[in-house]
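Colleague: Please put the model up, and then I have some questions about it.

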Amino acid sequence: MKRDIRALFKGEDLGNKTLPDNHRDEFLEKLKKQQNTNTNNFFFLKIAAVLLITLTVGYNAFYKQQDDEDLTIVAQIEAIEGEYLVDIETEWQNFIAIANDEVLVARFKKKLNELDKDYQEITVEFKNDKKSISVIEILIDNLQTRLQILKDIQKHINIINKENEQYENTI
Amino acid sequence: MKTQFKILILMFSTSTLFYAQNSPAFQMDEKHTIYKENFKTNENTTFVLNLKNTSAQIFESPDDKVYIEYTKEFNNTRKKRIKNQLKHLIVLGKKEGNKITYSAKIRNDMHYNLYDFEEFILKRSEKEKYLKGSTTKVVLRKSLDSILHDIKASESIYRNRFISALNRKTSYPRYKKNNQFTITKMIIKIPKNIHVRATLEGSNLVFFDDFFNRSTMNARNSKLKFKTLSNPLNIFDVDNGYFRATEVANGIYSFANVKQVIIGELENAQITSEFTKLEIGEIGRGNKIIDFNSKYYLYNFRNDFGDFNMYTEYSDINLFYPKNIKFYLETIGYNTLHKNKSITTEITESCKNESSKMIVIGKESNPNKIKINTIHGIIRFGEGFIDLGE
């Protein structure tokens with residue numbers, strides 16, 4: 001069914017609504033204001049975000065670097081400690097296998113316990129001051145001393161036992 | 001070479017001892033006097049010295065006052081780092097009646113730029129390298145002068161190396177780039193008539209003058225270097241670390257697990273030792289040694305050494321015969337191996353472990369007597385050298 005759509009608007013009062021003369025300027029001004037406000041807020045927000053991220057990353061990177069360095073040293077010392085303690089235990093077992101003097105074994109046990117106690121005390125110091133060369137030296141010296149005295153006493157006993165079997169002369 | 005240089009820098013920045021009193025031509029940016037004080041003393045004064053992780057130079061005071069000066073100089077160091085270093089220093093001095101107390105505790109703050117920790121730690125902990133020294137086959141007799149030289153060199157080696165590094169700074173690009181130094185100086189001057197009671201831990205002390213003071217010292221993990229120690233009331237207790245003295249005359253000395261004890265001349269002293277390596281340049285009169293499981297190297301005897309007595313158990317004694325004098329030597333004990341050149345004598349363990357006279361050299365009427373009581377020991381004798389035969 002054909003129909004003229006112009007007939008639909010007949011009777012509507014459309015001609016009375018007129019736009020003000022400066023509506024275009026007003027609209028542009030309002031738009032400008034709105035744009036300015038939004039741009040400023042976003043700009044500062046961006047700066048704040050960048051600053052925050054930079055500071056966070058910088059702070060974390062700085063302390064992470066220090067932590068990483070500290071952790072590296074701690075890991076190295078722990079590795080050395082582990083290696084030495086295994087060797088010390090092996091030498092201790094070798095020593096008690098050849099020593100037939102209970103007093104000697106007891107004396108060595110006491111000495112090793114003293115050195116271990118000393119080591120634990122220095123370890124506390126090391127945890128507080130991981131960059132101290134002297135503390136690290138003392139820690140390593142302690143482990144080396146334990147290993148050294150166990151090796152030396154075995155050598156001492158072996159020399160006496162070996163010579164005992166071979167010689168019986170007089171100067 | 002780069003690493004060696006870094007080590008030099010570190011040595012310099014951690015200790016005063018490698019650095020002579022005379023300042024180098026090098027100008028430092030900042031100087032901080034941490035502590036400077038003097039205290040008047042009298043003959044009843046006791047000076048209590050408590051040092052931890054501290055290096056100090058000790059001198060004889062020119063008058064009756066104790067002088068203490070502790071300074072730190074910085075070059076090309078950031079303010080924050082300086083502040084941080086100064087923050088970790090604990091220094092306290094006071095006088096109460098006849099007691100003067102000075103305490104210092106220092107925490108190191110080394111930066112990684114200056115030091116390759118990884119390399120240091122790995123090199124320092126090498127077992128093979130460390131234990132290499134024990135495989136020496138022959139020990140040569142050292143003269144007293146040679147021992148004194150060893151003692152002197154133990155300090156000057158580092159100092160001279162550093163000074164030469166300073167002079168050659170332009171040839172080290174890294175030095176030029178970082179140029180970051182901390183020079184620490186702690187100088188203590190002590191009048192010679194006062195009693196010194198020192199407790200030292202992880203510290204490094206050099207006594208630049210003969211030390212006549214009555215001294216009661218307890219040192220742990222410390223490095224001590226003396227000229228003459230001569231007070232009859234001296235009592236030293238040294239645990240771990242190092243002890244070097246050109247002369248020890250009088251006093252009681254105890255060494256436990258000390259890595260190296262070197263004494264030039266020993267006279268009227270009593271030594272108690274265990275698990276320690278000791279070298280003595282010349283044995284004088286009136287010495288007594290009690291030992292358990294240490295290594296002794298006795299290089300020379302004075303012409304009038306009189307009675308020299310040792311009481312040892314599981315000890316390893318290397319004794320060079322007295323030169324140009326007649327002497328009496330006897331060993332008493334059991335289960336001890338005696339080695340003299342190619343001749344070996346083993347005194348086997350008796351059923352009852354009873355001591356008996358094992359070897360005798362010379363006439364007992366001789367005024368110079370060496371008497372060694374030994375159980376489970378090894379005694380090697382030699383003229384010019386001793387074959388360890390290991």
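Modeller: A term first: pLDDT is the predictor's confidence in each residue, from 0 to 100. This is a predicted model, in which local features need pLDDT of at least 70, side-chain atom pairs count only at pLDDT 80 or more, and totals for chains, interfaces and linings use all residues. Residues are numbered from 1 along each chain as written, chains are lettered from A in the order written, and side-chain values use heavy atoms without hydrogens or water.

Colleague: What is the mean pLDDT of chain B?

Modeller: In chain B, 75% of residues reach 70 or more. Over residues 157–176 of chain B, pLDDT stays under 50. Where pLDDT is low, the predicted coordinates should not be read in detail. The mean for chain B is 83.

Colleague: Where does the largest nonpolar core lie?

Modeller: Such a core is a set of buried (under 20% relative accessible area, 1.4 Å probe, protein chains only) Ala, Val, Leu, Ile, Met, Phe, Trp, Tyr and Cys residues joined through side-chain atoms within 4.5 Å. The largest has 64 residues, and Phe47(B) and Tyr102(B) are among those with the most contacts inside it. Both domains of chain B, bounded by an automatic or database assignment, give residues to this core, so it lies between domain 1 (2–21 + 28–185) and domain 2 (210–387).

Colleague: Which residues does a second, separate core include?

Modeller: That core has 31 residues. Among its members are Val105(A), Ile138(A), Leu150(A) and Ile153(A).

Colleague: How many of the 171 residues in chain A are buried, as a percentage?

Modeller: Chain A has 171 residues. Buried residues make up 30%.

Conventions: Buried < 20%, exposed > 50% of the residue type's maximum accessible area, 1.4 Å probe, protein only. Contact = heavy atoms within 4.5 Å.
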